[in-house]
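Thanks for making time this morning; I would like to walk through one model with you, strand by strand and helix by helix, and then turn to how the pieces pack. Please have the sequence and the structure open in front of you.

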Amino acid sequence: MHVRLGSADDALAIETIRVRSWRVAYRHVLPANELDAMPVDALRWRSRLERPPAGWSTFVVEHDGVVIGFASVGPSRDEHGIGELYAIYVDPDAWSTGAGRALIERSEDQLARQYREATLWVLEDNPRARTFYERAGWHPDGSRKAEVRWGVHAPEVRYRKSL
């Protein structure tokens, strides 16, 4: 597996992975019909990759030249002076292959270049992801929030890690 900085050419692969991951990982929380109707819109990722927001980095992991996952990091949206892992998704067909581990390690390396600490948000009812983060040394810090997605109240918990 090879992790590299994402480019605008990766936008469709990134968005496809995001949508496929949501459809599988969040099916027990969010309405199946809404998940199934999610469009694959690469335009939002193309602009983020061509002109990333200040401090953002997006990485992709490839296997045999095919993008199978991605992660985005940058400054925290909640706290000044720390970093945040905004997103990390691996195509469901590539779960448990080491792709997620490769991405989180590269993401943490990038964050450690600028910050001493980082956070991430995860759905409270996402045991697979929470176990993944905990195995990587992240821990819940007690902060919670909830957003309403498609009429569903979806609580999230914040995780934190010293880098």
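In the hairpin of β2 and β3, where two residues lie between the strands, D64 takes a positive phi near 55°. Before going further, I should say that this is a predicted model, in which local features need pLDDT of at least 70 and side-chain atom pairs count only at pLDDT 80 or more, while totals for chains, interfaces and linings use all residues. Residues are numbered from 1 along each chain as its sequence is written, and side-chain values use heavy atoms, with hydrogens and water left out.

The elements I name, helices (H or I, at least four residues) and strands (E, at least two), are DSSP runs numbered from the N terminus. Strands β2 and β3 pair in the antiparallel sense over seven bridges, where pairing requires that DSSP finds at least two bridges between two strands. Within that pairing, V60 stands opposite F70 in β3. On another pairing of β2, strand β1 (residues 2-5) joins it in the antiparallel sense over four bridges, and there the bridge partner of R4 is V60. Six of the seven residues of β2 are buried, so this strand is largely enclosed by the rest of the structure; buried means under 20% relative accessible area, exposed over 50%, and partly exposed in between, with a 1.4 Å probe and protein chains only.

Let me move to β4 and β5. Three bridges join these two strands, which run parallel, and G83 stands opposite A118 in β5. The chain crosses from β4 through α4 to β5 in a right-handed β-α-β crossover, meaning that, with the strands pointing away from the viewer, the path from the first strand over the helix to the second runs clockwise. Strand β5 is mostly covered, with six of its seven residues buried, and seven bridges join β5 to β7 in an antiparallel arrangement.

What about the helix in that crossover: which residues of α4 are buried? They are A99, G100, L103, I104, S107, E108, Q110 and L111. Because they cover an arc of only 160° around the axis, they sit on the same side of α4, the arc being that of the directions from the helix axis to the C-beta atoms.

In α5, the buried residues are A129, R130 and Y133. These cover an arc of only 100° around the axis, which puts them on the same side of α5, and they pack against β4, α4, β5, β6 (139-149) and β7. The face of α5 turned away from its buried side carries the exposed residues P127 and R135.

That brings me to the largest nonpolar core, that is, a set of buried Ala, Val, Leu, Ile, Met, Phe, Trp, Tyr and Cys residues joined through side-chain atoms within 4.5 Å. Of its 23 residues, L85, Y133 and W138 touch the most other members, and the largest share, four residues, comes from α4. Leaving aside neighbours within four places in sequence, L85 is in contact (heavy atoms within 4.5 Å) with residues including V73, I104, L120, Y133 and W138. Apart from this core lies another, of 22 residues, among them L35, W45, F70 and A154.
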